[in-house]
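Good morning, and thank you for making time for this presentation. Please look at the sequence and the structure on the screen before I begin.

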Amino acid sequence: MTDSITRDGLRPRFWEKKPLAKMSPKEWEALCDGCGKCCLNKLEDEDSGVVVLTRVACRLLDDSTCRCTHYENRHTFVPDCIVLRPDTIADHAYWLPKTCAYRLLWQGKPLPDWHPLISGTAETVHEAGISVRGQTVSEFDTPFEEWEDYVIEEPE
Ligand code: SF4
Ligand code: SF4
């Protein structure tokens, strides 16, 4: 499967030289590893604030490509879908998947070897078991009371 995210024409290892706030839109978009995990429904403990991801996917997620099926007009269907930008990352980092490139860089951590910007192919995200490909269940078919049964383990 080809990479649906444009990653050519970028400076080698630009993410190690530029802070998130200085990145061009193309560089910013290229950081996304395409895992699809941010499109999973989450459960948040009201007392502790701890967030866990479930395999119950947003209605617009394509489970085979791990992409949003209506990205450009997604807010018509999912009004609260977030827009991740350099100036909003601080507000969202706490719930983003632990492997998310934006969260990792925001935390000052390196990108993993399976990231497409390092491996050169989007397939490594799937091969490393990071993506949600073939892993999700429908939010239409899964009552909220059952979401706890679908919590996923995330790498520390
Ligand atoms: S979790 Fe992060 S890296 Fe994965 S698809 Fe979402 S924004 Fe991209
Ligand atoms: S609307 Fe699209 S981008 Fe937003 S969570 Fe759902 S699938 Fe993901």
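I shall go through the sheet, the nonpolar core, the two ligand shells and one histidine, in that order.

Please keep in mind that this is a predicted model.

I begin with the sheet. Three strands form an open sheet in the order β1-β2-β5, and the pairing is mixed. The edge positions belong to β1 and to β5, residues 137-138, each of which pairs on one side only. As a general reminder, strands of a sheet pair through backbone hydrogen bonds, in either a parallel or an antiparallel sense.

Strand β1, residues 40-44, runs antiparallel to β2, and four bridges connect the two. One pairing to look for is K42, whose bridge partner in β2 is L53. Between the two strands of this hairpin there are six residues, and G49 adopts a positive phi near 80 degrees. On the other side of the pairing scheme, β2 and β5 run parallel and are joined by two bridges. Here A57 stands opposite S138 in β5.

I turn now to the core. Which residues of the largest nonpolar core touch the most other members? They are L31, L40, A57, C100, A101, Y102 and L105, out of 24 residues in that core. Both β2, residues 51-57, and α4, residues 101-106, supply at least two residues of the core. The largest share comes from α4, with four residues. In general, nonpolar side chains in soluble globular proteins tend to be buried together.

C100 leads us on to the ligands. Beyond residues up to four places away in sequence, C100 touches K37 and C38. Both C38 and C100 are also among the closest residues to ligand 1, together with C32, D33 and C35. In total, 13 residues surround ligand 1, and they divide into nine nonpolar, two polar and two charged.

Around ligand 2 we find C39, C58, L60, L61, C68, Y71, R74, V78 and C81. By class, this shell has eight nonpolar residues, one charged residue and no polar ones.

Finally, I come to H126, which is found in helix α6, residues 123-127. Why does H126 count as partly exposed? The reason is that H126 has 19 C-beta neighbours inside 10 Å, whereas a buried residue needs 20 or more. Leaving aside neighbours within four places in sequence, H126 is in contact with S131 and R133. L61, which we met in the shell around ligand 2, lies 65 residues from H126 along the chain, and their C-alpha atoms are separated by 16 Å.

Terms used. Residues numbered from 1 in each chain as written. Chains lettered and ligands numbered in written order. Predicted model: local features only at pLDDT ≥ 70, side-chain atom pairs only at ≥ 80, totals over all residues. Core = buried A, V, L, I, M, F, W, Y, C linked by C-beta atoms within 7 Å. Buried ≥ 20, exposed ≤ 12 C-beta atoms within 10 Å, placed from the backbone. Contact = placed C-beta atoms within 7 Å. Near = placed C-beta within 6 Å. Nonpolar A, V, L, I, M, F, W, Y, C, P; charged D, E, K, R; others polar. Pairing = 2+ DSSP bridges.
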